[in-house]
Amino acid sequence: MGQSSSLPTSLPTIALHCLRVAELSPTDGLIEPYFDYLIGISTEKGESDLSNLSSSITSTTEENNINNNSSNNNTLNGLSKIIEENENKLIGLKIYNAKSQRIRDVQLTPSRIWAETLLSSNNSTTISNQSIDNTPTPKPKPSLLGLSLRVCNPANALESVYHVLDVLEGSPAEMAGLVPWGDYVLAWSGGPLHSENDFYNLIEAHVDKPLRLFVYNSDLDNLREVILYPTRQWGGEGLIGCGIGYGLLHRIPRPSTPPPSSSVGGTVDGYFSTNESSRIPEQIAS
């Protein structure tokens, strides 16, 4: 397997934002959550642009939580059909990375074998459920790619990020380990945020409750999970005790130099964190 990259001359208006990557899945180590966007796929039959995928396919999609409209469904269903037709066959994915602003080609083999261990560990629970009501619990059908996806326009990538500025001593932000100036909040456990007010509304909705955030650090170039506890009882100003920047002046900076070459799952790319804590948990999607 191999991977090549190039600067994009133009981007399609439809892409699939890669939100989560399941551990040990075919895309583990090849796809970077939140920064990668799937813009094309190639098989033995040729290349396909996502906007041209068939609208008549009704097979199960790679993502369960999608917007309920025909355009999104058609794109995801079309991709799912191609993936299912090429199970256990080598395919190519064309990926746009919003951080490096480069397009690269990733080769992998769709397969369900990676989920066998997880499914076998759930067998005892299934047997227990059957004994209670005598109704067999259907086995979940594991994803062929291990990706959680949403339809979006890649031109708007990384517009809604929240730059962590000054962090006050003893504040919930400091207790959560947020790093001033280097940290950027990308999303929360419920998915991406889409406007400046979304983040503030989210904090207010989690007063005295744990809030799980996915935070990127531009100095270390890694993505990690942070648990924040907004509260008015910490003794200072505000619910989290830090400044948040939003807008053009607070976008994630593009790396000044190309990533160093390193072998990751048979590919060459230096943008993927090897820190296990930065992996985002994944519910197995069909």
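This section describes the annotated binding-site residues, the cysteines and the salt bridges of a predicted model.

In the UniProt record, an unreviewed entry, the feature "binding site" is placed at His17 and Cys152. The two positions span 136 residues in sequence, yet their C-alpha atoms are no more than 6.5 Å apart, so they gather at one spot. His17 belongs to strand E2, which covers residues 15-21, whereas Cys152 belongs to strand E7, residues 147-152. Both residues are shielded: His17 is buried, with a relative accessible area of 4%, and Cys152 is buried as well, with a relative accessible area of 12%.

The surroundings of the two residues were examined with sequence neighbours up to four places away left aside. Under that condition, His17 is in contact with Tyr34, Asp36 and Tyr37, and also with Ser148, Leu149, Arg150 and Cys152. Cys152 in turn touches Thr13, Ile14 and Ala15, together with His17 and Tyr37. The annotated residues are thus in contact with each other, and Tyr37 is found in the contact list of His17 and in that of Cys152.

No disulfide is found in a search of the whole structure. Cys18 takes part in none, and the cysteine sulfur nearest to that of Cys18 belongs to Cys152, 9.0 Å away. For the sulfur of Cys152, the closest cysteine sulfur is likewise that of Cys18; at 9.0 Å the separation is too far for a bond, because a disulfide requires two cysteine sulfur atoms within 2.5 Å. Cys18 has a relative accessibility of 0% and counts as buried.

Eight salt bridges are present in the structure. One of them joins the side chains of Glu87 and Arg112, with an N to O distance of 3.8 Å. Glu87 is located in the loop between helix H1 (70-85) and strand E5 (91-97), and Arg112 in the loop between strand E6 (102-108) and helix H2 (116-121), so this pair ties together parts that are 25 residues apart in sequence. Glu87 is partly exposed at 30% relative accessibility, while Arg112, at 18%, counts as buried. The assignment of Arg112 follows because buried means under 20% relative accessible area.

A further salt bridge is formed by the side chains of Asp183 and Arg224, at 2.5 Å from N to O. Asp183 is in strand E9 (residues 183-188) and Arg224 in strand E12 (residues 222-228); the pair links distant parts of the chain, 41 residues apart. Both partners lie below the surface cut-off: Asp183 is buried with a relative accessible area of 0%, and Arg224 counts as buried at 17% relative accessibility.

Strand E12 also contributes Glu225, which pairs with Arg212 of strand E11 (residues 211-217), so parts that are 13 residues apart in sequence are tied together. The closest N and O atoms of this salt bridge are 3.6 Å apart. Here the two partners are partly exposed, Arg212 with a relative accessible area of 28% and Glu225 at 32% relative accessibility. In addition, Glu32, Lys99 and Asp221 are joined into one network by salt bridges that share partners.

Note on methods
Residues are numbered from 1 along each chain as its sequence is written. This is a predicted model: local features need pLDDT of at least 70, side-chain atom pairs count only at pLDDT 80 or more; totals for chains, interfaces and linings use all residues. Side-chain values use heavy atoms; hydrogens and water are left out. UniProt positions are given in the numbering used here, feature names are shortened, and annotations may be inferred rather than shown by experiment. Helices (H or I, at least four residues) and strands (E, at least two) are DSSP runs, numbered from the N terminus. Buried means under 20% relative accessible area, exposed over 50%, partly exposed in between (1.4 Å probe, protein chains only). Contact means heavy atoms within 4.5 Å. A salt bridge is a side-chain nitrogen of Lys or Arg within 4 Å of a carboxyl oxygen of Asp or Glu.
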